[in-house]
There are 2 protein chains.
Amino acid sequence: MAEGPRLCDLGEWELIRRLGAFAPAGQFHDDAALVPLDAPVGATGSLVVNTDVLVEGIHFSEATTGPEDVGWRAAAANLSDLAAMGCTEVVGLTVGLVAPPQTPWQWVEGVYEGLGEALRRHGGVLLGGDCSSGSQRLLAITALGRLPGPQPPPGQSQGAIRRCDGRPGDVLVSTGPHGLSRLGLALLQNDPSLNAFEPDPDLRRRAIAAHRRPQPRLDVVKAVVACRPTGMPWRVGGCDSSDGLLAAVAAIARASGGSARLEGEELPLDPAMALLPQARSWCLGGGEDFELVLALEPTWANALIAALPTARAFGVLVATPAPETLIWSDGTPIETADLGFCHFSEPNGDGPRRNESQPTGRQ
Amino acid sequence: MAEGPRLCDLGEWELIRRLGAFAPAGQFHDDAALVPLDAPVGATGSLVVNTDVLVEGIHFSEATTGPEDVGWRAAAANLSDLAAMGCTEVVGLTVGLVAPPQTPWQWVEGVYEGLGEALRRHGGVLLGGDCSSGSQRLLAITALGRLPGPQPPPGQSQGAIRRCDGRPGDVLVSTGPHGLSRLGLALLQNDPSLNAFEPDPDLRRRAIAAHRRPQPRLDVVKAVVACRPTGMPWRVGGCDSSDGLLAAVAAIARASGGSARLEGEELPLDPAMALLPQARSWCLGGGEDFELVLALEPTWANALIAALPTARAFGVLVATPAPETLIWSDGTPIETADLGFCHFSEPNGDGPRRNESQPTGRQ
């Protein structure tokens, strides 16, 4: 065997950092890749390309997710990354399908039906793909979207959303509640940690829907465009919250060269989850809510919150490169350990790390 | 368990046919997907998108292929599909990487180095991707390329290459010899069926290079464009020969609504392989030579053969929808059984079907 670190020694982020060295500088810095089309074919916009891999037992499980939901979630996770870049128009996606030969056709059919439903709802078509046998079911999806241009002239209405485009003083806006998807997973798993918590039927329905049928927020981008204050140049920091709310905030703060100060009383919790002890932890780190987290100039942020009922301000970007990237508004650091999920990080060698707060389902 | 056929009951082609029902009509008919860019961003060309999945134990094996070669081959297979559509300009590719946590980083590094080498040689950049743990190493690659336009006005020089664009009377041109890659694999495996055949050092080197470092024929597209007879409209039938020479011919003939008549004495064999008993079978069905097979109007075909030393005419398309799609020039049908490789087709349930003529390595 070759010497040197194994993937489980590096962990996912170091692996991605190393892989980024093979790409143009900055190419791996956002949720998806921008492909300028202004040369040589004369286009004025960009194509946005995003690839996600979803593996059974890690990103989905037959116990909690039927094939249609697997397909929907796979498409939604990719389209959410397109929305996170500022796309409002989905071109389509390709699917690399791997499955053991014994896989029932009905499972595959269900997956593609779910994919198709998501595309009919949010735009785009299935463009193509490949399939192969393999020891494990998985989907490798590449989604393509269009963007008018990374930085259009003042007359144009829209540019890209980038993680690095936050600035000190920007208001952090969450486009919807966080923690619902994680609750939905716990309900589907009959998670004993729920104890005596008995969600009302409406919350149960919404939580399970959030887990099984997440909605990529392509609509949010339209709202951001529509409520830009007159004369204000396009500058929108942001990414999606597929890896959790805090992970999104940290990514924006780090890429923008600053810190984030969060208001503990203003977190985008779902009010119906208030009695659940895990509500706050799942809001911060549950993941897979597929909302957008945006850093906007205050007047723009206020206009968006007025226009989008689910949007909520929960903090600001600050200039000081604080020792901690994430702090509460009272100055105490925010504890982020145990909130993330890391592929390949797996001390005992028998599967990806899972814990109570991250049992499965990470995109 | 769900009732109904399993993937191993359907086989790869039927699976693809079924999956095609979820895409726009004709979307799965070529080697890659065309994305017209003329609306709404004002471009005049098309983007070409191709996804390939390569799974360890099926498409590559550590026994015969080091990580750099795995990466090169993965890129080359994708770029070959772009060339098969008429691309001369590669935009780049995304990589979905799956590997068990125990995988050495050095293996992954080698794979990406091989990918990078192929991109530096043939154009394009690594655009992004995703990675996940999984039980098996695999790469899901999506390549993007540009095309001036599916059917440009007469003043323009190029359109797409489509399988369906062959016409009766077209000459079938192979852009290079076939069977070398399969010989290279046999040499690397110390295949006992080689018996007393002892290739000279030059043939050994070329065969192993054909297997480990196949060259996508993006250069051929430039030659096809350059030698188009004056005034002749753009119409080029074709695809690549990744699945074997006969599979390529059959795909073109079927898509073009006709049959193909091949000259048994004009097959694109490598002369140095003449003494090898398997030479003819591996030329017809060995696969992975990644040449282009083109159907061209005779004067265009002659001009290409004059311009491209490795090109060779080996048959014609004929109008009669013969009972057999493939016939020899003396009228006898060409036997195609045992020449193809089929994912999921696997009667004994313990892995993909493999036989002496197709042990591994299919893209």
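In the predicted model, helices α3 and α4 of chain B meet through an extended list of residues. Helices here are DSSP runs of H or I with at least four residues, strands are E runs of at least two, and both are numbered from the N terminus. On the α3(B) side the contact is formed by Pro67(B), Glu68(B), Asp69(B), Val70(B), Gly71(B), Trp72(B), Ala74(B), Ala75(B), Ala76(B) and Leu79(B). On the α4(B) side it is formed by Trp107(B), Gly110(B), Val111(B), Tyr112(B), Glu113(B), Gly114(B), Leu115(B), Glu117(B), Ala118(B), Leu119(B) and His122(B). Two residues are in contact if their C-beta atoms, placed from the backbone, lie within 7 Å. By class, 13 of the residues in this contact are nonpolar, four are polar and four are charged. Ala, Val, Leu, Ile, Met, Phe, Trp, Tyr, Cys and Pro count as nonpolar, Asp, Glu, Lys and Arg as charged, and the others, Gly among them, as polar.

Residues are numbered from 1 along each chain as its sequence is written, while chains are lettered from A and ligands numbered from 1 in the order in which they are written. Because the model is predicted, local features need pLDDT of at least 70 and side-chain atom pairs count only at pLDDT 80 or more, whereas totals for chains, interfaces and linings use all residues.

The geometry of the pair is as follows. The axes of α3(B) (residues 67-84) and α4(B) (residues 105-122) come within 6 Å and cross at roughly 40 degrees. Axes are lines fitted to C-alpha atoms, for helices over the stretch in contact, and angles run from 0 to 180 degrees between N-to-C directions. The two helices are therefore oblique. Angles under 35 degrees count as roughly parallel, over 145 as roughly antiparallel, 65 to 115 as roughly perpendicular and the rest as oblique. The crossing of α3(B) past α4(B) is right-handed; that is, the near helix is turned clockwise from the far one by less than a right angle, and anticlockwise would be left-handed.

Gly110(B) belongs to helix α4 of chain B. With 18 other C-beta atoms within 10 Å, Gly110(B) is partly exposed. A residue is buried if 20 or more other C-beta atoms lie within 10 Å of its own, exposed if 12 or fewer, and partly exposed in between, with C-beta atoms placed from the backbone. Beyond residues up to four places away in sequence, Gly110(B) touches Gly66(B), Pro67(B), Glu68(B) and Gly71(B).

In chain A, nine helices and 12 strands are found. Of its 363 residues, 58% are buried. Helix α2 (residues 67-84) and helix α3 (residues 105-122) of chain A pack at an angle of about 40 degrees, with their axes 6 Å apart. α2(A) and α3(A) are oblique to each other. The crossing of α2(A) past α3(A) is right-handed. Their contact divides into 13 nonpolar, four polar and four charged residues.

Helices α4 (residues 180-188) and α5 (residues 201-212) of chain A have axes that come within 7 Å and cross at roughly 100 degrees. α4(A) is thus roughly perpendicular to α5(A). The residues of this contact comprise eight nonpolar, three polar and three charged.

Helix α7 (residues 245-255) of chain A is largely enclosed by the rest of the structure, because nine of its 11 residues are buried. Among them are Leu245(A), Val249(A) and Ile252(A). Gly257(A) follows α7(A) and has a positive phi, near 75 degrees.

The largest nonpolar core has 207 residues. Such a core is a set of buried Ala, Val, Leu, Ile, Met, Phe, Trp, Tyr and Cys residues joined through C-beta atoms within 7 Å. The residues with the most contacts inside it are Leu172(A), Val249(A), Ala75(B), Leu172(B) and Val249(B). Outside its neighbours within four places in sequence, Leu172(B) has contacts that include Val249(B), Ala260(B), Val293(B) and Phe314(B).

Two loop residues of chain B have a positive phi without being glycine. Asn190(B), with phi near 50 degrees, lies in the loop between α5 (180-188) and α6 (201-212). Asn190(B) is exposed, with 8 other C-beta atoms within 10 Å. Glu288(B) has a phi of about 65 degrees and sits between α9 (279-285) and β10 (292-296). Glu288(B) is buried, with 30 C-beta neighbours inside 10 Å.
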